Amino acid sequence: MNKQELIAEVEKLKDVITDASISIWNNPEISGEEKFSSELIKNILKNNEFKIYDINNVEYAFYAEYGQGSPVIAIMGEYDALPGMSQKKDIKHNPVIEGGNGHGCGHNLLGSAAMGAALALKNYIKQDNVKGTIRFYGCPAEETLNGKVEMIRENAFDGCDVALSWHPMNVNTPIYNSYLANNSIKFKFNGISAHAAAVPHLGRSALDAVELMNTGANYMREHVIDKARIHYTITDAGGPPNIVPKEAESWYFIRAPHRKDVTEITDRLIKISEGAALMTETEVSHKYVAGCYEMMPNKVLFDLTYKNMQEISGPDFTLEELQFADEIQKTVSEHQVEDDLNNYKIFKKYSMHKHVVSKEVAQETYLTGSSDSGDVSWILPMNCFLTACWPLGINPHTWQATSMAGSEVAQKGMLYASKVFVSIAYDLLNDSSLVESAKKEFSDKTKNNKYVLPLK
């Protein structure tokens, strides 16, 4: 089987891949609750001769393996949804269930494309008796940024030589420097309750402490690096206003391009929380919810991914599919569309991106979200690429992205991703120097900069 014939295997699996993505889209499960999604993919792989290995202490995490010997290629899949993103396949905001879950980040596509690639590669290995091993990794809880970190803690990726990953987006491009490192922390204040009108002088307000901490954090913004991001919500405001709040809680995300910056800013934020407690005569404690690394680039895998994305034809959309994408794009401002056109140096305005972003632009493109995929890139060589599954101007974590993730347009972007996966894996299975070069680059970069598990 040559590379083109392997790519054709994906087309033969089109119905299996598409049906899985739609089933997961119709049953959106948030992080930590992915029972249906994980079982669906696990059973498909099990029924296709893969051996299944559950990961200890990480619910709904597993890997499925086929083949023997090296290289061992990991293909990562995710399947968790987002709360509050419920949406029908529609050109207007139209929830299936008001406030319900929805695939606003397209993880129904992400997991299904990776699964399809694993199935096609199994057929190749079996038919041609190819030396090498394919592992599909079922990774839960990406949206809460702790699924893969916990899998690393359990040594789930031991024995892998390289890892391949992708994400649905609005352009076709490999990514190089990407993902912000992140700490997710909750701060809980404890004070003294009192009648807010009769004896307020006897109370010590935990909510006052939360507000003072937030004020301190906002003053700190001027004195951190430009690319740092600090977000918070008040998760417990203390109850009714006629009682001095005894308890209150805030939830912070601290993001920056490098893990060391996140650690430094987090240490300063903890001092601010202690200052707020001192001013209000309350007590404060903090709890790490999750933490993750930025993505470590691997030039060997980046170049290989770019080459293969260029070699494979992108999706051909029907007029009806493009009209649906056009209508979705009209729901956001022209400014948002222009931003994407400028960021990716795209000079022709249309809804669905059809080509591959230039290599120079791809190397400079930076995704400012966070992902626990970054942690995997710190323990073995890893790539990541994006394919266009929704129109330019549309961002993930929106109703528009949820709507598109259930559409025929996104399914074509998903199948393109599956073809890119098998094409990259074909090169890695047939040219051992690529794997060795990727591993050497990784070894050189991490020689004096080792990964430290960010879980506290």
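This text walks through two sheets, the helices that pack on them, and a few residues worth finding along the way. Keep in mind that the model is predicted.

Let us begin with a little background. Strands of a sheet pair through backbone hydrogen bonds, and the pairing can be parallel or antiparallel. The first sheet to look for is open and has five strands, in the order 1-2-4-3-5, with mixed pairing. At its edges are strand 1 (51-54) and strand 5 (162-164), each of which pairs on one side only. On average, neighbouring strands of this sheet are turned by 25 degrees against each other, direction ignored.

Now step across this sheet from strand 1. Strand 1 and strand 2 (residues 62-68) are antiparallel and pair over four bridges. If you find I52, you can look for A64, its bridge partner in strand 2. Two helices come next. Helix 3 (residues 35-46) packs on the sheet, where it touches strand 1, strand 2 and strand 4 (132-139). The direction of helix 3 makes about 15 degrees with that of strand 2. Helix 4 (residues 107-128) also packs on the sheet, touching strand 2, strand 3 (72-78) and strand 4. Its direction makes about 150 degrees with that of strand 3.

Strand 4 deserves a longer stop. With strand 2, strand 4 pairs in the antiparallel sense over seven bridges, and the bridge partner of Q68 in strand 4 is G132. With strand 3, strand 4 runs parallel, joined by seven bridges; here V72 stands opposite T133 in strand 4. These two pairings show what the mixed pairing of the sheet looks like in practice. How many of the eight residues of strand 4 are buried? Eight of the eight are, so strand 4 is largely enclosed by the rest of the structure.

You can also follow the side chains of this strand. In a regular strand, side chains alternate between the two faces of the sheet. From strand 4, G132, I134, F136 and G138 point one way, while T133, R135, Y137 and C139 point the other way, and all are buried.

The loops around this sheet hold some details of their own. In the loop between strand 2 and strand 3 you will find P71. A cis peptide bond joins S70 and P71, with omega at about 0 degrees. The loop between helix 3 and strand 1 contains E49, whose phi is near 75 degrees, a positive value in a residue other than glycine. E49 is partly exposed, because its relative accessible area is 41%. N129 sits in the loop between helix 4 and strand 4, and its phi is near 50 degrees, again a positive value in a residue other than glycine. Is N129 buried or exposed? N129 is exposed, because its relative accessible area is 69%.

Return to helix 4 and look for a partner, helix 14 (residues 408-430). The axes of these two helices come within 8 Å and cross at roughly 40 degrees. That angle makes helix 4 oblique to helix 14. The crossing is right-handed. Among the residues of helix 4 that meet helix 14 are L109, A113, A117 and Y124, and among those of helix 14 are M414, F421 and L429. What kinds of residue make up the contact of helix 4 with helix 14? They divide into 15 nonpolar, five polar and no charged.

The second sheet is also open. It has four strands in the order 9-10-8-11, and its pairing is antiparallel. Strand 9 (229-236) and strand 11 (283-292) are the edge strands, each pairing on one side only. Neighbouring strands of this sheet are turned by 20 degrees against each other on average, direction ignored. Strand 8 (residues 181-190) and strand 10 (residues 247-256) pair over ten bridges, and K188 has E249 as its bridge partner in strand 10.

Two helices pack on this sheet as well. Helix 6 (residues 206-220) touches strand 8, strand 9 and strand 10, and its direction makes about 20 degrees with that of strand 10. Helix 7 touches strand 8, strand 9, strand 10 and strand 11, and its direction makes about 10 degrees with that of strand 8.

For a last stop, find I272 in helix 7 (residues 259-280). I272 and M213 are 59 residues apart in sequence, and 6.0 Å apart in space from C-alpha to C-alpha. Leaving out residues up to four places away in sequence, I272 touches M213, G216, A217 and M220.

Key: Residues numbered from 1 in each chain as written. Predicted model: local features only at pLDDT ≥ 70, side-chain atom pairs only at ≥ 80, totals over all residues. Heavy atoms only, no water. Pairing = 2+ DSSP bridges. Axes fitted to C-alpha atoms, helices over the stretch in contact; angles between N-to-C directions. Contact = heavy atoms within 4.5 Å. Buried < 20%, exposed > 50% of the residue type's maximum accessible area, 1.4 Å probe, protein only. Parallel < 35°, antiparallel > 145°, perpendicular 65-115°, else oblique. Left-handed = near helix turned anticlockwise from the far one by under 90°. Nonpolar A, V, L, I, M, F, W, Y, C, P; charged D, E, K, R; others polar.
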